[in-house]
Amino acid sequence: MTSPAPIADPRETPKPDPAAVPALAIDGVSHSYGPRRALIDVSFNVQPASFTALLGLNGAGKSTLFSLITRLFGIQSGRVGIFGHDVGRSPGEALRLLGVVFQPRTLDLDLSLTQNLLYHAALHGISRREASARSAELLGRIGLSDRAGSKVRDLSGGQMRRLEIARALLHRPRLLLLDEPTVGLDVKARADIISHVRQLVTEQGIGVLWATHLFDEIMAGDDLVVLHQGKVLAQGPMSRVITEAGAQDVNTAFMRLTGAQTMPGGGA
Ligand SMILES: Nc1ncnc2c1ncn2[C@@H]1O[C@H](COP(=O)(O)OP(=O)(O)OP(=O)(O)O)[C@@H](O)[C@H]1O
């Protein structure tokens with residue numbers, strides 16, 4: 001005879017269904033630099049195993065938002081959650097699940113690729129042995145195993161970006177933020193990086209927030225957040241954002257939503 005199922009104690013907080021917890025939850029976040037309001041009541045979610053493009057012109061507030069998510073700045077109002085962990089109250093748990101590629105390059109140019117990775121792994125408390133194994137594996141995945149001992153200074157811009165992405169993945173995060181990661185790269189390097197990050201979504205279930213002002217980096221099936229002058233003007237699956245703006249493509253939708261003129265070359 002099978003024993004009866006245990007009766008749930010109503011005093012216990014129900015465990016959230018992991019599938020229902022967003023990778024990133026931005027809830028009513030505002031931020032000002034003195035009198036200048038950079039973010040105004042921003043709310044949106046990034047789901048696990050999804051690619052969310054944060055689309056905005058220069059000055060929209062993308063970098064400010066990244067600085068709040070990563071705790072470079074304290075949160076003035078609103079909440080940021082990473083897989084249900086509040087970044088303000090439980091930063092350790094929240095940030096453990098987060099990998100970041102910032103807009104400015106942050107590699108040590110005079111160290112080798114492996115040294116850069118090992119140094120970062122040590123900051124995350126990963127043992128030397130484990131760090132060596134993960135570094136070798138990640139260098140293989142980004143096609144730079146044969147350059148492991150080279151100085152970073154000798155890499156191309158695209159290779160440096162791939163290394164930064166590998167570094168951001170060393171501690172096995174489940175949410176990855178990238179702030180305009182393809183700026184300054186040629187067409188081939190951009191395509192390589194985009195396809196690598198999209199693979200992380202489909203093959204490893206990582207939730208990705210990709211800040212950009214380039215329309216051609218967004219694909220049907222992506223989620224989209226349109227940020228303009230600190231406010232979210234539209235969000236949701238790309239097809240819905242386009243339809244709701246009464247447009248045929250993301251470029252026109254963005255123009256209608258923001259009143260902006262688009263730039264040649266597919267940029268916002
Ligand atoms: N340290 C700062 N002090 C004062 N104002 C700032 C500071 N950083 C950003 N701002 C202002 O906040 C607003 C949002 O800037 P932010 O850099 O977040 O935008 P962005 O979307 O990342 O732009 P970009 O694509 O140019 O990097 C802008 O008006 C900017 O001038």
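Which glycine takes a positive phi just after H6? In this predicted model, glycine 205 does, with a phi of about 70°.

**View 1. Overall content of the predicted chain.** The chain contains eight helices and ten strands. Of its 268 residues, 37% count as buried. When contacts between residues at least 6 apart in sequence are taken, 65% join residues at least 24 apart. The unreviewed UniProt entry places the feature "domain: ABC transporter" at residues 24–254. Over residues 24–254, helix makes up 35% and strand 27%, and the end C-alpha atoms lie 23 Å apart.

**View 2. The shell of residues around the ligand.** The residues around the ligand are Tyr33, Arg36, Ala38, Gly56, Asn58, Gly59, Ala60, Gly61, Lys62, Ser63 and Thr64. By class, three are nonpolar, six polar and two charged. Strand S2 (36–46) and helix H1 (62–69) each contribute at least two residues to this shell. The largest share, three residues, is supplied by H1.

**View 3. Helix H1 and its surroundings.** H1 is largely enclosed by the rest of the structure, because six of its eight residues are buried. The buried residues are Lys62, Thr64, Leu65, Phe66, Leu68 and Ile69. Of these, Lys62 and Thr64 also appear among the residues around the ligand. After H1 comes arginine 71, with a positive phi near 70°.

**View 4. Helix H6, with a buried side and an exposed side.** H6 spans residues 187–204 and has 18 residues. From first C-alpha to last, H6 reaches 25 Å, close to the 26 Å expected at 1.5 Å a residue. Ile193, Ile194, Val197 and Leu200 of H6 are buried. These four residues lie on the same side of H6 because they cover an arc of only 110° around the axis. Val187, Lys188, Ser195, Gln199, Thr202 and Glu203, on the other side of H6, are exposed. The partners against which the buried residues of H6 pack are helix H5 (157–169), strand S7 (175–179) and strand S8 (207–212). Glycine 205, the residue with a positive phi of about 70°, is found just after H6.

**View 5. Helix H5 and the elements that cover its buried residues.** H5 has 13 residues and reaches 19 Å from its first C-alpha to its last, close to the 18 Å expected at 1.5 Å a residue. Buried residues in H5 are Arg161, Arg162, Leu163, Glu164, Ile165, Ala166, Arg167, Ala168 and Leu169. The cover over these buried residues includes strand S6 (98–101), helix H3 (113–123), helix H4 (128–141), S7 and H6. In turn, H5 is one of the elements against which the buried residues of H6 pack.

**View 6. Leucine 209 in strand S8.** Leucine 209 is placed in S8, a strand against which the buried residues of H6 pack. With 26 other C-beta atoms within 10 Å, leucine 209 is buried. Beyond its neighbours within four places in sequence, leucine 209 is in contact with Leu24, Val46, Thr52, Leu54 and Leu177. Leucine 177 is 32 residues from leucine 209 in sequence, yet their C-alpha atoms are 4.9 Å apart in space.

How values were computed: Residues are numbered from 1 along each chain as its sequence is written. This is a predicted model: local features need pLDDT of at least 70, side-chain atom pairs count only at pLDDT 80 or more; totals for chains, interfaces and linings use all residues. The expected span of a helix is 1.5 Å times one less than its number of residues. A residue is buried if 20 or more other C-beta atoms lie within 10 Å of its own, exposed if 12 or fewer, and partly exposed in between; C-beta atoms are placed from the backbone. The arc is that of the directions from the helix axis to the C-beta atoms. Two residues are in contact if their C-beta atoms, placed from the backbone, lie within 7 Å. UniProt positions are given in the numbering used here, feature names are shortened, and annotations may be inferred rather than shown by experiment. A residue is near a molecule or strand if its C-beta atom, placed from the backbone, lies within 6 Å of it. Ala, Val, Leu, Ile, Met, Phe, Trp, Tyr, Cys and Pro count as nonpolar, Asp, Glu, Lys and Arg as charged, and the others, Gly among them, as polar.
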